[in-house]
There are 2 protein chains.
Amino acid sequence: MMLWSIMGTIAAICTTVGFIPQIIRGIKTRELRDVSPVMLTLLLVGCSLWLIYGVHLKNPIIALANGFTLSFVIVIFLLRAMYKRNNSGS
Amino acid sequence: MMLWSIMGTIAAICTTVGFIPQIIRGIKTRELRDVSPVMLTLLLVGCSLWLIYGVHLKNPIIALANGFTLSFVIVIFLLRAMYKRNNSGS
């Protein structure tokens with residue numbers, strides 16, 4: 001049924017673009033200390049595996065959603081490391 | 001191939017249990033201010049839809065993974081609100 005595909009797509013969009021507000025908040029406050037680096041590491045590994053799995057399944061939704069999420073998580077990781085270094089002097 | 005199913009399962013475990021270190025970090029530091037509430041809201045909506053979609057597809061991996069992630073995100077949301085209220089006095 002068409003409705004279910006739309007629902008799955010909205011679900012994928014929410015859990016993917018959900019990381020964008022985290023990037024925006026980090027850039028605004030220049031602080032991402034409270035975001036767990038262990039969580040980011042697990043999401044990094046998980047999304048990479050999902051991406052490979054999605055490519056293997058030839059499922060563009062799984063592959064694309066996780067490709068984007070992966071890139072957002074990498075950005076959050078890099079911003080966190082940068083702000084941590086900059087703020088450690090204070 | 002068996003190997004691909006294992007890979008998909010490891011991927012699902014990583015992106016699900018990944019939120020547990022965030023809960024632990026929050027409880028330890030009693031601070032979750034840097035975690036974006038907009039991200040949490042989008043993950044809440046997204047995981048709820050994924051859960052319904054997974055149940056509809058009768059796919060236990062999608063349903064279970066997102067059911068757990070949903071409960072972890074709710075815990076992070078509640079902890080964040082609690083710490084925010086407690087810390088606003090200082």
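Partly exposed means a relative accessible area between the under 20% of a buried residue and the over 50% of an exposed one. Keep that in mind as you explore this predicted model.

**Stop 1: a pair of side chains in chain B**

Select B:Arg33 to begin. At 44% relative accessibility, it falls between the two limits, so B:Arg33 counts as partly exposed. Now add B:Glu31 to your selection. B:Arg33 and B:Glu31 form a salt bridge, and their closest N and O atoms are 3.9 Å apart.

Switch to chain A and pick A:Glu31 and A:Arg33. Their side chains also meet in a salt bridge, with 3.9 Å from N to O. A:Arg33 is partly exposed, with a relative accessible area of 44%. How many salt bridges are there over all chains? The count comes to 2.

**Stop 2: the loop between α2 and α3**

Stay in this part of the sequence and select A:Arg30. You will find A:Arg30 in the loop between α2 and α3 of chain A. Check its backbone angles: phi is positive, about 50°, although A:Arg30 is not a glycine. At 44% relative accessibility, A:Arg30 is partly exposed.

Next, select B:Arg30, which sits in the loop between α2 and α3 (37–56) of chain B. Phi of B:Arg30 is positive too, near 50°, and this residue is something other than glycine. Its relative accessible area is 46%, so B:Arg30 is partly exposed. If you trace the chain, B:Arg30 follows α2(B).

**Stop 3: helix α2 of chain B**

Step back into that helix by selecting residues 20–29 of chain B. Which residues of α2 are buried here? They are B:Pro21, B:Gln22, B:Ile23 and B:Gly26. To see what covers them, show α1 (2–17) and α4 (60–87) of chain B, and then α3 (37–56) of chain A, which are included in the cover. Notice that this cover includes a helix of chain A as well as helices of chain B.

**Stop 4: two isoleucines in helix α4 of chain B**

Move on to B:Ile76, found in helix α4 of chain B. Is B:Ile76 buried or exposed? At 1% relative accessibility, B:Ile76 counts as buried. Leaving aside residues up to four places away in sequence, B:Ile76 touches B:Phe19, B:Gln22, B:Ile23, B:Leu32 and B:Leu40. You have already met two of these, B:Gln22 and B:Ile23, among the buried residues of α2. Try a distance as well: B:Ile76 and B:Ile20 are 56 residues apart in sequence, and their C-alpha atoms are 9.1 Å apart in space.

Now go to B:Ile61, which is also in helix α4 of chain B. B:Ile61 has 43% relative accessibility and counts as partly exposed. Apart from residues up to four places away in sequence, B:Ile61 touches B:Thr9 and B:Ala12. From B:Ile61 to B:Met7 is 54 residues in sequence and 12 Å in space, C-alpha to C-alpha.

**Stop 5: a nonpolar patch on chain A**

Turn to chain A, switch on the surface, and select A:Ile13, A:Val17, A:Ile20 and A:Ile24. These residues make a nonpolar surface patch of about 290 Å². Two helices of chain A, α1 (2–17) and α2 (20–29), each supply at least two of the patch residues. One of the four, A:Ile20, lies in helix α2, and A:Ile20 is partly exposed, with a relative accessible area of 32%.

**Stop 6: where the two chains meet**

Color the chains separately and look at the contacts between them. Here, 35 residues of chain A are in contact with 35 residues of chain B. The two chains bury about 3200 Å² between them, with 73% of this on carbon and sulfur atoms. In chain A, select A:Trp4, A:Arg25 and A:Asp34: they lose the most area to chain B, together 20% of what that side buries. How many salt bridges are there between chain A and chain B? The count is 0.

The interface residues of chain A are 100% shared by chain B, so the copies meet through the same surface.

**Last stop: the axis**

Finally, try laying chain A on chain B. A turn of 180° with a shift of 0.0 Å along the axis does this with an RMSD of 0.0 Å. The two copies are thus related as by a two-fold rotation axis. To find a landmark for the axis in chain A, select A:Asp34 once more: its C-alpha is the nearest to the axis in that chain, at 2.6 Å.

Conventions
Residues numbered from 1 in each chain as written. Chains lettered and ligands numbered in written order. Predicted model: local features only at pLDDT ≥ 70, side-chain atom pairs only at ≥ 80, totals over all residues. Heavy atoms only, no water. Patch = residues over 30% accessible without salt bridge, like charges linked within 9 Å, V, L, I, M, F, W, Y side chains within 5 Å. Areas by Shrake-Rupley, 256 points an atom, 1.4 Å probe, with all protein chains shown as cover. Salt bridge = Lys/Arg side-chain N within 4 Å of Asp/Glu carboxyl O. Buried < 20%, exposed > 50% of the residue type's maximum accessible area, 1.4 Å probe, protein only. Contact = heavy atoms within 4.5 Å. Least-squares fit on C-alpha atoms with pLDDT ≥ 70 in both. Buried area = accessible area lost by both parts, 1.4 Å probe.
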